[in-house]
Amino acid sequence: MTFWLTVGGMLAVTFGSRLAGLSLQRELPPPVMRCLHFVPVAVFAALATPALQGDRGEGEIRVLAAVATALVAWRLRSFGIALGVGMATFWLLRLLPSL
Amino acid sequence: MSGRRAFARGFVAMVPLWVGVVPFAVAYAVLARDAGLSVVEAQALSLFVFAGSAQFSAVGLIAQGASGLGIVLTTFLLNVRHMLYGLTLGRTVPLSGWRRPVTAYFLTDEAFGVVAARRERSFGFVLGVELSLFATWNAATLAGALLGSAIPDPTALGIDLIFPLAFIALLVPLVRTRDELAVAGLAGAVAWLASRWLPGGIPVLAAGICGSLLGAWLTRDRPPSAEVDLDDAAREVA
């Protein structure tokens with residue numbers, strides 16, 4: 001039940017934002033525009049860091065996998081390849097018994 | 001009749017982006033199953049919310065035990081940028097009556113980018129672009145959700161690492177100026193520190209708000225960069 005309420009809320013705020021933009025006939029105030037520009041950068045960074053450590057004592061190799069992902073994303077700008085290289089790095093490092 | 005042809009042109013214009021969208025949707029669905037969602041629930045998010053990064057964050061937050069309200073507020077924070085796309089599209093594409101809510105329902109970063117990169121500005125074309133992504137996103141979600149069910153013990157494989165890695169892969173291309181780097185650094189640090197004491201959801205909201213306020217303050221003397229955002233969306237497609 002909670003899940004479907006959450007989906008309803010997500011639908012409302014997402015569709016609301018999309019429709020508001022299409023229906024608004026005027027510009028947003030400059031400070032709001034400046035904030036909106038930085039929201040994805042701030043939120044993506046905030047979603048990444050708390051989950052990075054993990055809770056199974058594999059913090060070091062998880063961080064190394066994150067560095068690999070960031071490097072590939074920076075050089076190739078490909079989401080799929082960056083994610084694949086990151087997970088492959090993690091699984092390979094895991095096979096090494098004492099790093 | 002020309003509407004149907006415009007729709008087909010739009011549908012085809014999105015095809016090159018399928019390559020990038022499919023792994024994203026599959027990763028989302030595998031993670032959703034790992035977080036405890038059923039196949040139907042994972043699919044429902046793709047059908048009714050249809051916003052990749054928000055769906056990703058929602059299943060990550062569900063896994064961390066965040067409240068429904070926290071998830072909805074994070075979704076709002078992530079998706080208000082769609083207002084900017086709507087503002088631009090609404091001014092350049094003639095949309096009346098039922099066409100406006102339909103266009104709004106299927107509007108995404110990718111669809112906006114494809115339309116921004118092309119000259120064509122009809123409703124049929126825009127709808128073709130949008131539904132091309134919707135169909136692929138949902139088919140790949142289903143494939144990923146079934147794949148997720150086939151993996152015997154996803155937690156032992158460390159599948160949950162996909163979550164932070166996916167956000168790093170989304171973040172890196174957006175960081176091009178010193179201001180953006182400062183915002184990412186502050187938001188990442190605030191969320192990491194706050195997550196040691198506060199339940200899931202609140203740290204992300206707090207860091208997202210702190211980060212965007214810092215960015216607005218750092219760039220207070222410059223005109224707002226809506227054009228840059230539009231360029232970003234268009235470049236992603238190129």
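These numbered points comment on the two chains of a predicted model, taking the interface, the cores, the aromatic pairs and a few single residues in turn.

1. The contact between the chains is the natural place to begin. In this predicted model, 62 residues of chain A are in contact with 90 residues of chain B. The area buried between chain B and chain A comes to about 6,700 Å², and carbon and sulfur atoms give 78% of that area. On the side of chain B, the residues that lose the most area to chain A are M83(B), L161(B) and L165(B), which together make up 9% of what that side buries.

2. Chain B is divided by the domain assignment into domain 1, covering 2-158, and domain 2, covering 175-238. The centres of these two domains, taken over C-alpha atoms, are separated by 22 Å.

3. As a general matter, nonpolar side chains in soluble globular proteins tend to be buried together. Here the largest nonpolar core has 98 residues, and Y28(B), L45(B), F56(B) and I162(B) are those with the most contacts inside it. Helix α2 of chain A (residues 30-52) supplies the largest share of this core, namely twelve residues, while domain 1 and domain 2 of chain B each provide at least three residues to this core. A second, separate core has seven residues, among them L28(A) and L36(A) from chain A, and V80(B) and L84(B) from chain B.

4. Y28(B) deserves a paragraph of its own. Leaving aside residues up to four places away in sequence, Y28(B) touches A42(B), L45(B), S46(B), Q55(B), F56(B), V59(B) and T141(B). Two of the residues in that list, L45(B) and F56(B), are also named with Y28(B) among those with the most contacts inside the largest core. Y28(B) and F56(B) belong as well to a cluster linked by ring pairs, which further includes F44(A) and F79(A) from chain A, together with F24(B), W137(B), F163(B) and F167(B) from chain B.

5. Aromatic pairs over all chains number 16. One of them joins F11(B) and W18(B) in an edge-to-face arrangement, with 6.1 Å from centre to centre and 90° between the planes. Both partners are partly exposed, F11(B) at 27% relative accessibility and W18(B) at 28%.

6. A further edge-to-face pair is formed by F106(B) and F134(B), whose centres are 4.9 Å apart and whose planes make an angle of 80°. Because F106(B) lies in the loop between α7 (99-105) and α8 (109-117) of chain B, and F134(B) in helix α9 (residues 123-150) of chain B, the pair ties together parts that are 28 residues apart in sequence. Each of these two residues is buried, F106(B) with a relative accessible area of 14% and F134(B) with 15%.

7. Two arginines of chain B are placed over tryptophan rings. R196(B) lies over the face of W192(B), at 4.4 Å from the ring centre, and the charged end of R220(B) sits over the ring of W217(B), at 4.3 Å from its centre.

8. Two residues other than glycine have a positive phi, and a reader may wish to look at both in the structure. For R77(A), phi is near 55°; this residue is in the loop between α3 (59-76) and α4 (79-95) of chain A, and it is partly exposed, with a relative accessible area of 46%. For F50(B), phi is about 50°; this residue is found in the loop between α3 (39-48) and α4 (52-63) of chain B, and at 3% relative accessibility it counts as buried.

9. Is E58(A), in the loop between α2 and α3 of chain A, buried or exposed? At 16% relative accessibility, E58(A) counts as buried, because the cut-off for that term is under 20%. Not counting residues up to four places away in sequence, E58(A) touches Q53(A), F90(A) and R94(A).

10. The last point concerns A150(B), a residue of helix α9 of chain B. A150(B) is exposed, with a relative accessible area of 60%. Although A150(B) and V30(B) are 120 residues apart in sequence, their C-alpha atoms are 9.8 Å apart in space.

Note on methods. Residues numbered from 1 in each chain as written. Chains lettered and ligands numbered in written order. Predicted model: local features only at pLDDT ≥ 70, side-chain atom pairs only at ≥ 80, totals over all residues. Heavy atoms only, no water. Phe/Tyr/Trp six-rings, centres within 6.5 Å; stacked < 30°, edge-to-face > 60°. Buried < 20%, exposed > 50% of the residue type's maximum accessible area, 1.4 Å probe, protein only. Helix = DSSP H or I, 4+ residues; strand = E, 2+ residues; numbered from the N terminus. Lys NZ or Arg CZ within 6 Å of the ring centre and 35° of its normal. Core = buried A, V, L, I, M, F, W, Y, C linked by side-chain atoms within 4.5 Å. Domains from an automatic or database assignment. Contact = heavy atoms within 4.5 Å. Buried area = accessible area lost by both parts, 1.4 Å probe.
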